[in-house]
Amino acid sequence: MALSPESMPEKPFDFRAPPPSPIASGRRSCVTNEDVLSEFLEHSLRVPDLVLPDKVFPRQNFIENPPKIDFQLLSSMESDSLSKIFSKILDSIARIGCFQLVNYGIEGECIRSALAAAAGIFQLPPEKRRAVTRSPPEKLYGFEEAHGEKEEEGEGKVSEEFVWCRGAGLKLEMEAIWPVGYSNFSEKMESLLCDIEKVAEKILMAIRQNLPPKTDYENDMKQGQGGIGSGCYVYKHSRNMSAEKCSGSLRYDVIRMLIRGFDYSHALCLHVCDGSSEFHVYSKKGWVSFCPDKDALVITVGDQTQALSGGQFKHVIGRPIYKGEEEDCISMAFLYSPPSTTNTTKVDPQKGKNTISLSQQAIAAIVLTLVYHILVFVYNKF
């Protein structure tokens, strides 16, 4: 008798899961091995310390102090004395990019009061500083993000930085977080900057007069970064800083310059750094340092002067170093830009060509059209 499909016995499908992998008797489970794996990843993913080659950071050379220029002698009418002074200035900035200026006519009390007022800037709490931080980098004023965090107990940051200018934006932001103190600080800075600009103007004029004429000077010189004009970098140097950390701070500034370029275009930089142990100057030619004289201004070359000289004078970075000081020190770097000539050409309406506005052109077109139709009508009528 034949079997129907329904009566055929079903053979079940034989499926079995694979057995679990055995764990060696002498090894821990994967759960207990997570700590070992985490420790391994932590050490293997750590970013190594990178050291740039000497091509970027040349070996530091300690040199004799650059010449001291008596500012009052620049007003002398003796041509022989002036030629010698100009020769010293040009030779010094061609070799190392800076020189020292003494007897510049700014009262010491004016400088000391500005330095004392600037110390209060760095006493603001971090939460208030964040409101006026230089972020994005295109912002030309405010607090620079701190670097050189303390590594050992009792050691503070290597340096802190604040950029001051005459802009209305900075005034509004600072008065919101420090209303009384900033008004006093800004008033003293304005007074000191006016005196600094008078000195810088005469120095730059002396440099220009002793360079070959340059027809495209107005195109090469950047006039005051979009109307902001001169500004000042205020630095706070922590006490008891070692030479190694001070050099590291300068390296940080150089790297920032190479990455971001020159934040603040300027012709000359006048450094107020009385009491500094050393002054370091970095350029593509090399890295030099010297001991500045007491009460002397150190003047370094900016990018506008480099353009003015056709590359003969190179833009340099200058930083004072304070070693073994028992108290925090304040230094200032005033960046001078000559006033823009575009504003002065608008004062005298007789100079230049007269321009006709669009509205005047439209009125003239309507009047001419009406005159044309009147003349055609008269011609056809008679």
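**Group meeting: burial, cysteines, ring pairs and one helix packing**

Of the 382 residues in this protein, 38% count as buried. I should state at once that the model is a predicted one. Its secondary structure comprises 11 helices and 12 strands. Among contacts with a separation of 6 or more, 80% are between residues 24 or more positions apart. The protein exposes about 24,400 Å², and 56% of that area is supplied by carbon and sulfur atoms.

Let me turn to the cysteines. How many disulfides does the structure hold? The count is zero. A disulfide is a covalent bond between the sulfur atoms of two cysteines, and the criterion applied here is a pair of sulfur atoms within 2.5 Å. For cysteine 269, the closest cysteine sulfur is that of cysteine 232, at 8.3 Å, which is too far for a bond. Cysteine 273 is likewise in no disulfide: the nearest cysteine sulfur belongs to cysteine 269 and is 9.8 Å away. Both residues are covered by the protein. Cysteine 269 counts as buried because its relative accessibility is 5%, and cysteine 273 counts as buried because its value is 4%.

I move next to the aromatic rings. A search of the whole structure returns five aromatic pairs. One of them joins tyrosine 233 and tyrosine 235. Why is this pair classed as stacked? The ring centres are 6.3 Å apart and the planes lie at 20°, and planes under 30 degrees apart count as stacked. Both partners are buried: tyrosine 233 has a relative accessibility of 8%, and tyrosine 235 has a relative accessible area of 5%.

Phenylalanine 279 and phenylalanine 290 form a tilted pair, because their ring centres are 5.7 Å apart and their planes stand at 35°. Which elements hold these two residues? Phenylalanine 279 lies in strand E8, residues 278-283, and phenylalanine 290 in strand E9, residues 286-290, so the pair ties together parts that are 11 residues apart in sequence. Phenylalanine 279 is buried, with a relative accessible area of 0%, and phenylalanine 290 also counts as buried, at 0% relative accessibility.

Ring pairs also link Phe143, Phe162, Tyr182 and Phe185 into a cluster. Let us look at one member of that cluster, phenylalanine 143, whose place is in strand E4, residues 142-143. Is phenylalanine 143 buried or exposed? Phenylalanine 143 counts as buried, at 3% relative accessibility. Leaving aside neighbours within four places in sequence, its contacts are Ile121, Leu124, Arg129, Val132, Thr133, Arg134, Glu161, Phe162 and Met174. Phe162, then, is both a contact of phenylalanine 143 and a member of the ring cluster. From phenylalanine 143 to glutamate 160 the separation is 17 residues in sequence, while their C-alpha atoms are 8.2 Å apart.

Another cluster member, Phe185, brings us to the helices. Two packed helices are described by the angle between their axes and the distance between the axes. Helix H3, residues 108-119, packs with helix H6, residues 179-209, at an angle of about 145°, and their axes are 9 Å apart. The H3 and H6 crossing is left-handed. Which residues make the contact? From H3 they are Cys110, Ile111, Ser113, Ala114, Ala117 and Ala118. From H6 they are Asn184, Phe185, Lys188, Met189, Ser191, Leu192 and Asp195. Phe185 thus belongs to the contact between H3 and H6 as well as to the ring cluster.

Key
Residues numbered from 1 in each chain as written. Predicted model: local features only at pLDDT ≥ 70, side-chain atom pairs only at ≥ 80, totals over all residues. Heavy atoms only, no water. Helix = DSSP H or I, 4+ residues; strand = E, 2+ residues; numbered from the N terminus. Buried < 20%, exposed > 50% of the residue type's maximum accessible area, 1.4 Å probe, protein only. Contact = heavy atoms within 4.5 Å. Areas by Shrake-Rupley, 256 points an atom, 1.4 Å probe, with all protein chains shown as cover. Phe/Tyr/Trp six-rings, centres within 6.5 Å; stacked < 30°, edge-to-face > 60°. Axes fitted to C-alpha atoms, helices over the stretch in contact; angles between N-to-C directions. Left-handed = near helix turned anticlockwise from the far one by under 90°.
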